[in-house]
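Good morning, and thank you for coming. I should like to take the group through one structure this morning, and I ask that you keep the sequence and the model in view as I speak.

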Amino acid sequence: MAESNSENLKVVRLDNGEILFSEVVVNSKSKESGYLELHWPMKVMMRQDHEEKCTHLVLLKWMPFTDTSVIPISAKSIMSVSNLGQEYKEFYINTIKEIESDDPKEEVNRMARLLSEFDERNALMN
C-alpha cells in the first residue's frame, strides 16, 4: 500500500447498510463526476462472542477478484462518512499489507477461511 494520508482513512456507511474502511479521495474529477475514489476499500464484518464477551472484527476486500485497489463509487450510494478511529487505523493498514502480499490463490483461501470463521449464523454482516 502506498503511503496514505491517515487523515483520509474513513469509515463509510453505504445506503445498503455495508460498512467500509477505506482511504477516500475527493478531487476535482470526482467533484464533477459525482464519484469518489475508494482506495483499498475493506468490508467490515463483526461477530459477537458471547462466551468470551467480546466482539471479533475482520476486514475483507470489498471488491474481490480484481487487481485494482482504487474503486470509484457514486457519492449517492454513501449515507455517511467519518474519520476512521485511531484504534482501527493500524488494524486496517496491517490488513492491507497482508492482502498485498497474497497471490490470487492465497487471496481466495484467505477469504474462504475468514468467511467460514464468520459464518452467517454468528456474523453481524452489514
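Two helices, α2, residues 86-100, and α3, residues 104-117, each supply at least two residues to the lining of the largest pocket. Of the elements, α3 gives the most to that lining, with three residues. Please bear in mind throughout that this is a predicted model.

The space in the largest pocket comes to about 190 Å³. Its lining consists of 14 residues, and those closest to the centre of the pocket are Lys61, Thr66, Asp67, Pro104 and Glu107. How does this lining divide by class? There are six charged residues, five nonpolar and three polar.

Let me stay with Lys61, one of the residues closest to the centre of the pocket. Lys61 belongs to strand β4. Is this lysine buried or exposed? Lys61 counts as buried, because its relative accessibility is 13% and the cut-off for burial is under 20%. Leaving aside residues up to four places away in sequence, Lys61 touches Pro41, Met42, Thr66 and Glu107. With Thr66 there is also a polar approach to note: a polar atom of the Lys61 side chain lies 2.9 Å from the backbone oxygen of Thr66.

Which residue of helix α3 should we set beside Lys61? I propose Met111, which lies in that helix. In sequence, Met111 and Lys61 are 50 residues apart, yet their C-alpha atoms are 8.2 Å apart in space. Met111 likewise has a relative accessibility of 13% and therefore counts as buried. Beyond residues up to four places away in sequence, the contacts of Met111 are with Leu60, Pro64 and Phe65.

Phe65 deserves a remark of its own. This residue is found in the loop between β4, residues 54-61, and β5, residues 70-74. Its phi is positive, at about 65 degrees, although Phe65 is not a glycine. Phe65 is exposed, with a relative accessible area of 65%, even as it touches the buried Met111.

I turn now from the pocket to the cavity. How many cavities of 30 Å³ or more does the structure hold? There is one, and the largest cavity contains about 50 Å³ of space. Its lining is made up of Trp40, Pro41, Lys61, Trp62, Met63, Thr66, Thr68, Ser69 and Ile71. By class, five of these lining residues are nonpolar, three are polar and one is charged. Two names will be familiar from the pocket: Lys61 and Thr66 line the cavity, and both are also among the residues closest to the centre of the pocket.

Another member of the cavity lining, Trp40, has a backbone feature worth noting. Trp40 sits in strand β3, residues 35-49, and its phi is near 55 degrees, a positive value in a residue other than glycine. Trp40 has a relative accessibility of 14%, so this residue counts as buried.

Next, the aromatic side chains. The structure holds one aromatic pair. It is formed by Phe21 and Tyr88, with 6.0 Å from centre to centre and 55 degrees between the planes, and it is classed as tilted. The two partners come from distant parts of the chain: Phe21 is in strand β2, residues 19-25, whereas Tyr88 is in helix α2, 67 residues apart. What are the accessibilities of the two rings' residues? Phe21 is buried, because its relative accessible area is 5%. Tyr88, by contrast, has a relative accessible area of 34% and is therefore partly exposed.

Let me close with the overall arrangement. The protein has seven strands and three helices. Read from the N terminus, the order of the elements is β-β-α-β-β-β-β-α-α-β. Of the 126 residues in the protein, 40% are buried. Finally, how far along the chain do the contacts reach? Taking contacts between residues at least 6 apart in sequence, 61% join residues at least 24 apart. The pairing of Phe21 with Tyr88, 67 residues apart, is one link between distant parts of the chain.

Terms used:
Residues are numbered from 1 along each chain as its sequence is written. This is a predicted model: local features need pLDDT of at least 70, side-chain atom pairs count only at pLDDT 80 or more; totals for chains, interfaces and linings use all residues. Side-chain values use heavy atoms; hydrogens and water are left out. On a 1 Å grid over the protein atoms alone, a cavity is a set of points where a 1.4 Å probe fits but cannot get out, and a pocket is an open set with protein on both sides within 12 Å along at least five of seven lines; lining residues have an atom within 4 Å of a point. Grid points are joined across faces, edges and corners, and a volume is the space filled by probe spheres set on the points. Ala, Val, Leu, Ile, Met, Phe, Trp, Tyr, Cys and Pro count as nonpolar, Asp, Glu, Lys and Arg as charged, and the others, Gly among them, as polar. Helices (H or I, at least four residues) and strands (E, at least two) are DSSP runs, numbered from the N terminus. Buried means under 20% relative accessible area, exposed over 50%, partly exposed in between (1.4 Å probe, protein chains only). Contact means heavy atoms within 4.5 Å. Rings of Phe, Tyr and Trp (its six-membered ring) pair if their centres lie within 6.5 Å; planes under 30 degrees apart count as stacked, over 60 as edge-to-face and the rest as tilted. A polar contact is a pair of N or O atoms within 3.5 Å; within protein, one must be able to donate a hydrogen and the other to accept it, and residues adjacent in sequence count only if both atoms are side-chain atoms.
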